[in-house]
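Here is a short set of exercises to work through with the model open beside you. Try each task before reading its solution.

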Amino acid sequence: MKSSRLSGVTPVSRRGVKSGELRVPTAIAVTSADMALPVQDERTMPAVVLKDLDKRPLEQTLAEFVALIEQYGHVVVVYSGAVPDAVTRRLHTLRSLLESDRIALFRPDLPPLGIAVLARQLRQLATCDLSPGVLASAGRLLTHYLHSGAVLGSVAKLDRVPVTLKAHAKSWMPGTQFAVVAHPEPQLVRVGPDAVLGGPEFSTWLLVARGQLQSDWIGGLAPSWGAHGLRETPLPAESAEWWGTGRLIEFTSYLADLSVLYQLVTSVRQTSCHWCGIDVIGDRCVFCSATPPVPDPPAPRALEQRTPA
């Protein structure tokens, strides 16, 4: 997939105007600072970092959300399945207390680095002429274009990807490493000269986050997957919990060009949520969680009465 500059990508400033109306970009929030990846250009929105949600008083975090809604109008919180349960409970409590359809809680089935990449893609799109509902529901669409995995020093505690008994046994051997893809389809191979992982069928960038593991194998993944290049970032704190070990190198391949992301999102048919009325793409409203109503099946046609011959 080659990038191209699209005239339809309309940037807006934080106080920008679209069609004569005030247009404030939707806030994209993450639950820790290490999930807020650096911006790739001057147009990318900064992430809103919701620090220590489970440790601060409820009243304080509630006031923070009220201020975010007043400033941005809508807030999309992108968070990992590896966050503490207390953080998840606090997010749902805040949304319930505010009784607000302006807060979307989005927890895709991705490793932490993939979550951070997805949040940055939404931050890129937040500057375009996309409505809050379309922007928020774009997250589900964009997950299909992420390939996320890791090189692990052990799979003994890995429960996110199917692991054979043979692989479990080999993980106890000193020096053994495994290359794993968790999304979009599970893959697991033992690292060696001939180890190969199936990757994307389109051009991407590769982002790598190194933990407590050294591996030369990761350097060959970018050319193997036909990536434009390899970039590095610190390992998210949640990665060790997600992968079951701190001896890892996490990686995610992703689309970096805003024009390509915009084209993907705007090529999908938009509908209005039957419950809250917001424009969305896909089969579920990310703000009110309503799904399209299932139409009633047609009544069975009455059989004609016929007189036996």
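**Exercise 1. Two sides of a helix**

Which exposed residues does the face of H2 turned away from its buried side carry?

*Solution.* A word on the ground rules: this is a predicted model, in which local features need pLDDT of at least 70 and side-chain atom pairs count only at pLDDT 80 or more, while totals for chains, interfaces and linings use all residues. Residues are numbered from 1 along each chain as its sequence is written, and side-chain values use heavy atoms, with hydrogens and water left out.

Step 1: locate the element. Helices are DSSP runs of H or I with at least four residues, strands are runs of E with at least two, and both are numbered from the N terminus. Helix H2 covers residues 85-98, and its 14 residues reach 20 Å from first C-alpha to last, close to the expected 20 Å at 1.5 Å a residue; that expectation is 1.5 Å times one less than the number of residues.

Step 2: sort by accessibility. Buried means under 20% relative accessible area, exposed over 50%, and partly exposed in between (1.4 Å probe, protein chains only). The buried residues of H2 are Val87, Thr88, Arg90, Leu91 and Leu94. Seen down the axis of H2, they fall within an arc of 165°, so they line one face of the helix; the arc is taken over the directions from the helix axis to the C-beta atoms.

Step 3: turn to the opposite face, where the exposed residues are Asp85, Arg89 and Ser96.

Step 4: find the partners of the buried side. Counting heavy atoms within 4.5 Å as a contact, the buried residues of H2 pack against helix H1 (58-72), strand S5 (75-78) and strand S6 (103-106).

**Exercise 2. An aromatic pair**

Describe the geometry of the pair formed by Trp225 and Phe251.

*Solution.* Step 1: set the rule. Rings of Phe, Tyr and Trp (its six-membered ring) pair if their centres lie within 6.5 Å; planes under 30 degrees apart are stacked, over 60 edge-to-face, and the rest tilted. The count comes to 3 aromatic pairs.

Step 2: read the values. Trp225 and Phe251 are 5.8 Å apart, centre to centre, with 75° between the planes, hence edge-to-face.

Step 3: place the rings. Trp225 belongs to the loop between helix H6 (221-224) and strand S11 (230-232) and Phe251 to strand S12 (residues 248-254), so the pair ties together parts 26 residues apart in sequence. Both Trp225 and Phe251 are buried, with Phe251 at 0% relative accessibility.

**Exercise 3. Unusual backbone angles**

Find where the backbone departs from this pattern: most residues other than glycine have a negative phi, and most peptide bonds are trans.

*Solution.* Step 1: check phi. Asp52, in the loop between strand S4 (48-49) and H1, has a positive phi near 50°. Glu99, in the loop between H2 and S6, has a positive phi of about 45°.

Step 2: compare their surroundings. Asp52 is partly exposed, with a relative accessible area of 42%, whereas Glu99 counts as exposed at 73% relative accessibility.

Step 3: check omega. A cis peptide bond joins His183 and Pro184, with omega about 10°. Pro184 is found in the loop between strand S8 (178-183) and strand S9 (187-190).
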